[in-house]
Amino acid sequence: MTRCTHLDKIEITELPAESAGCEDCLREGGVWLHLRICLTCGHVGCCDDSPNRHATAHAASGEHPLIHSLEPGEEWSYCYLDDVGMIIREVTGQTRIPPSPMLSR
């Protein structure tokens, strides 16, 4: 069984109360489908089904391999470097997010 070897990178354990959306898409005028938060710095990016895949791009640009889904009802996290999904019980809270711009087109 594959295990994440990067749990020491977790800095964010309490999810923000609210997010306006993918930080990069909002800045660039893009659209997203699902939102992910970096558990190291709190950057909110879009999923790989979104046109710009900002969460993956953020993880690839540095030492931030762990994300957590911000979608309602989802509690999973994922480590890009170890390619493993998991539930991290220390990550708590729920984030209000806007509807996906891709679904409202």
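The radius of gyration here is taken over C-alpha atoms, and the globule rule is 2.2 Å times the number of residues to the power 0.38. Keep that rule in mind for the next step. This is a predicted model. With 105 residues, the rule puts a compact globule near 13 Å. The protein chain has 13 Å, so the two agree.

Now the box. Along the principal axes, the C-alpha atoms fill roughly 40 × 25 × 25 Å.

Next, the elements. The protein chain holds 2 helices and 5 strands. Reading from the N terminus, the order is α-β-β-α-β-β-β.

Some totals for the chain. Of the 105 residues, 44% are buried. About 6100 Å² of the protein chain is exposed. Carbon and sulfur atoms supply 49% of that area. Take the contacts with a separation of 6 or more: residues 24 or more positions apart account for 57% of them.

Charges next. There are 8 positive side chains and 16 negative ones. How far apart do the centres of the two sets lie? The answer is 2 Å.

Let's go residue by residue, beginning with cysteine 46. Cysteine 46 sits in strand 2, which covers 44–46. Its relative accessible area is 0%, so cysteine 46 is buried. Which residues does cysteine 46 contact, leaving aside neighbours within four places in sequence? On the lower-numbered side, they are Cys22, Cys25, Trp32 and His34. On the other side, they are Asn52, Arg53, His54 and Ala55. For a distance, take serine 77, which is 31 residues away along the chain. The two C-alpha atoms are separated by 14 Å.

One of those contacts, Arg53, deserves its own moment. Arginine 53 is in the loop between strand 2 and helix 2. Its phi is near 45°, a positive value in a residue other than glycine. Buried or exposed? Neither: at 41% relative accessibility, arginine 53 counts as partly exposed.

There is another positive phi to look at. Aspartate 83 has phi near 50°, and this residue is not glycine either. Aspartate 83 lies in the loop between strand 4 (76–79) and strand 5 (84–87). With a relative accessible area of 56%, aspartate 83 is exposed. The cut-off for exposed is over 50%, which is why 56% qualifies.

Back to helix 2, residues 54–60. Threonine 56 is in that helix. At 18% relative accessibility, threonine 56 counts as buried. Buried means under 20%, so 18% falls inside the cut-off. Residues up to four places away in sequence aside, threonine 56 touches Asp48 and Tyr80. Threonine 56 and arginine 36 are 20 residues apart in sequence. In space they are 9.4 Å apart, C-alpha to C-alpha.

Tyr80 brings us to the aromatics. A pair of aromatic rings is described by the distance of the centres and the angle of the planes. The count comes to 1 aromatic pair. It is formed by tyrosine 78 and tyrosine 80. The centres are 5.1 Å apart, with 85° between the planes. Stacked or edge-to-face? Edge-to-face, because the cut-off for that class is over 60 degrees. Tyrosine 78 is partly exposed at 22% relative accessibility. Tyrosine 80 is partly exposed as well, at 23%.

Between those two tyrosines comes cysteine 79, in strand 4. Cysteine 79 has 0% relative accessibility, so it counts as buried. Not counting residues up to four places away, cysteine 79 touches Cys4, His6, Pro65, Leu66, Val84 and Met86. Leucine 26 is 53 residues from cysteine 79 in sequence. C-alpha to C-alpha, that pair is 25 Å apart.

Leu66 is on that contact list, so here is its own entry. Leucine 66 is in strand 3, residues 66–69. At 0% relative accessibility, leucine 66 counts as buried. Which residues does leucine 66 touch, not counting those up to four places away in sequence? The lower-numbered ones are Cys4, His6, Leu7, Ile10, Ile37, Cys38 and Leu39. Then come Tyr78, Cys79 and Met86. Leucine 66 and isoleucine 10 are 56 residues apart in sequence, and 7.4 Å apart in space, C-alpha to C-alpha.

To close, two links to take away. Cysteine 79 and leucine 66 touch each other. Threonine 56 touches Tyr80, a partner in the aromatic pair.

How values were computed. Residues are numbered from 1 along each chain as its sequence is written. This is a predicted model: local features need pLDDT of at least 70, side-chain atom pairs count only at pLDDT 80 or more; totals for chains, interfaces and linings use all residues. Side-chain values use heavy atoms; hydrogens and water are left out. Rings of Phe, Tyr and Trp (its six-membered ring) pair if their centres lie within 6.5 Å; planes under 30 degrees apart count as stacked, over 60 as edge-to-face and the rest as tilted. Buried means under 20% relative accessible area, exposed over 50%, partly exposed in between (1.4 Å probe, protein chains only). Helices (H or I, at least four residues) and strands (E, at least two) are DSSP runs, numbered from the N terminus. Contact means heavy atoms within 4.5 Å. Accessible areas come from the Shrake-Rupley method with a 1.4 Å probe; for residues, only the protein chains shown count as cover. Lys and Arg count as positive and Asp and Glu as negative; His and the chain ends are not counted. The place of a charge is taken as NZ of Lys, CZ of Arg, CG of Asp or CD of Glu.
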